[in-house]
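Here is a friendly walk through one protein model, part by part. Have a look at the picture first, then read on.

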Amino acid sequence: MAAKTYYYARVSTTSQNLSRQIEAFKKDGADEHDIITEKKSGKDLDRPEYQAMKNHMLRDGDTLVVMSLDRLGRNKKDIKEELEYYKSHNIRVRILDIPTTNFKPVEGQEWILDMVNNILVEVLASQAEQERITIRKRQAEGIAIAKAAGKYKGGQQKQIDEEKLKELYNEYMSRKISKSKMAEELGVSRPTMDKILDRRNLK
């Protein structure tokens with residue numbers, strides 16, 4: 001069976017658009033039938049479409065293409081383990097935002113490209129993880145401030161997907177969505193949305 005190339009596009013919320021990634025894939029020569037899309041947070045690997053592609057579609061000799069490293073995940077350990085998995089199963093991973101992953105090395109000089117790619121992956125995986133750490137730290141600081149002011153009611157707070165909140169907030173600040181839409185996406189009421197932003201010192 002001939003080797004195939006699959007493309008994986010992901011955004012974290014239903015209000016976000018996959019078109020930028022899909023357009024980049026088509027420019028790369030992707031067939032629409034080979035593009036797998038998903039609207040799911042990258043905080044972990046529990047993503048149905050991704051797991052189906054990984055375990056049932058990709059085979060030895062195939063290629064997986066993603067737009068950027070954080071489309072695989074936000075956790076550095078997860079990212080590196082996924083890349084190791086694909087390497088051990090002879091599945092090539094191309095990351096469009098890392099040009100060196102798109103080159104085929106000269107015979108005998110594969111180690112040079114591997115070294116460059118390993119450095120880039122280390123830096124970018126660390127960056128993706130640091131973003132999540134910053135979000136958690138901001139949340140903890142918001143809770144500490146609320147506790148000091150006697151306004152924190154831990155048992156009554158709804159667990160919020162912090163990555164999803166961050167992306168929704170960025171869309172809100174860009175005037176792409178309203179606070180009401182943010183609340184709807186997070187499954188909370190409009191007044192609760194205000195409290196969530198307040199606790200995190202977000203305006």
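## Buried or exposed: the ground rule

A residue is called buried when its relative accessible area is under 20%, exposed when that value is over 50%, and partly exposed in between. Keep in mind that what you are looking at is a predicted model.

## One side of helix α6

Let's put that rule to work on helix α6, which spans residues 179-186. Which of its residues are buried? They are Lys179, Met182, Ala183, Glu185 and Leu186. These buried residues sit on the same side of α6, because they cover an arc of only 165 degrees around the axis. A bit of helix background helps here: an α-helix has 3.6 residues a turn, so residues three or four places apart point the same way.

What do the buried residues of α6 pack against? Their partners are α5 (162-173) and α7 (190-199). Right after α6 comes glycine 187, with a positive phi near 75 degrees. As for Lys179, it also turns up in a network of salt bridges together with Arg190 and Asp194.

## Strand β1 and its neighbours

Now hop back to strand β1, residues 5-11. Six of its seven residues are buried, so β1 is largely enclosed by the rest of the structure. Two strands pair with β1. With strand β2 (residues 35-39), β1 pairs in the parallel sense over five bridges. With strand β3 (residues 63-66), β1 also runs parallel, and four bridges do the joining.

Tyrosine 7 is a handy residue for seeing both pairings. In β2, tyrosine 7 stands opposite isoleucine 35, while in β3 its bridge partner is valine 65. There is a helix in this part of the story too: β1, helix α1 (residues 19-27) and β2 together make a right-handed β-α-β unit.

## Lysine 54 and glutamate 82

Next up is lysine 54, which you will find in helix α2 (residues 48-57). Is lysine 54 buried or exposed? Its relative accessibility is 11%, so lysine 54 counts as buried. Leaving aside residues up to four places away in sequence, lysine 54 touches Glu82, Tyr85 and Tyr86.

The side chains of lysine 54 and glutamate 82 meet in a salt bridge, at 3.1 Å from N to O. This pair links distant parts of the chain, with glutamate 82 in helix α3 (residues 76-88) and lysine 54 in helix α2, 28 residues apart. Glutamate 82 has a relative accessibility of 5%, so it counts as buried as well.

## More salt bridges

How many salt bridges does a search of the whole structure find? The answer is 11. One of them joins aspartate 34 to lysine 4, with the closest N and O atoms 3.2 Å apart. Here, too, distant parts of the chain are linked: aspartate 34 lies in the loop between α1 and β2, lysine 4 lies in the segment before β1, and 30 residues separate them. Aspartate 34 is buried, with a relative accessible area of 14%, whereas lysine 4 counts as partly exposed at 35% relative accessibility.

Another salt bridge brings together the side chains of glutamate 32 and lysine 26, at 3.8 Å from N to O. Glutamate 32 counts as exposed, at 58% relative accessibility. Lysine 26 counts as partly exposed, at 41%.

## Two loop residues with a positive phi

A last stop, this time for the backbone. As a general rule, most residues other than glycine have a negative phi. Asparagine 90 goes the other way: its phi is positive, near 55 degrees, in a residue other than glycine. You'll find asparagine 90 in the loop between α3 and β4 (92-95). At 44% relative accessibility, asparagine 90 counts as partly exposed.

Arginine 175 is not a glycine either, yet it has a positive phi of about 60 degrees. Where is arginine 175? Look in the loop between α5 and α6. With 78% relative accessibility, arginine 175 counts as exposed.

Technical notes. Residues are numbered from 1 along each chain as its sequence is written. This is a predicted model: local features need pLDDT of at least 70, side-chain atom pairs count only at pLDDT 80 or more; totals for chains, interfaces and linings use all residues. Side-chain values use heavy atoms; hydrogens and water are left out. Buried means under 20% relative accessible area, exposed over 50%, partly exposed in between (1.4 Å probe, protein chains only). Contact means heavy atoms within 4.5 Å. Two strands pair if DSSP finds at least two bridges between them. A crossover is right-handed if, with the strands pointing away from the viewer, the path from the first strand over the helix to the second runs clockwise. The arc is that of the directions from the helix axis to the C-beta atoms. A salt bridge is a side-chain nitrogen of Lys or Arg within 4 Å of a carboxyl oxygen of Asp or Glu.
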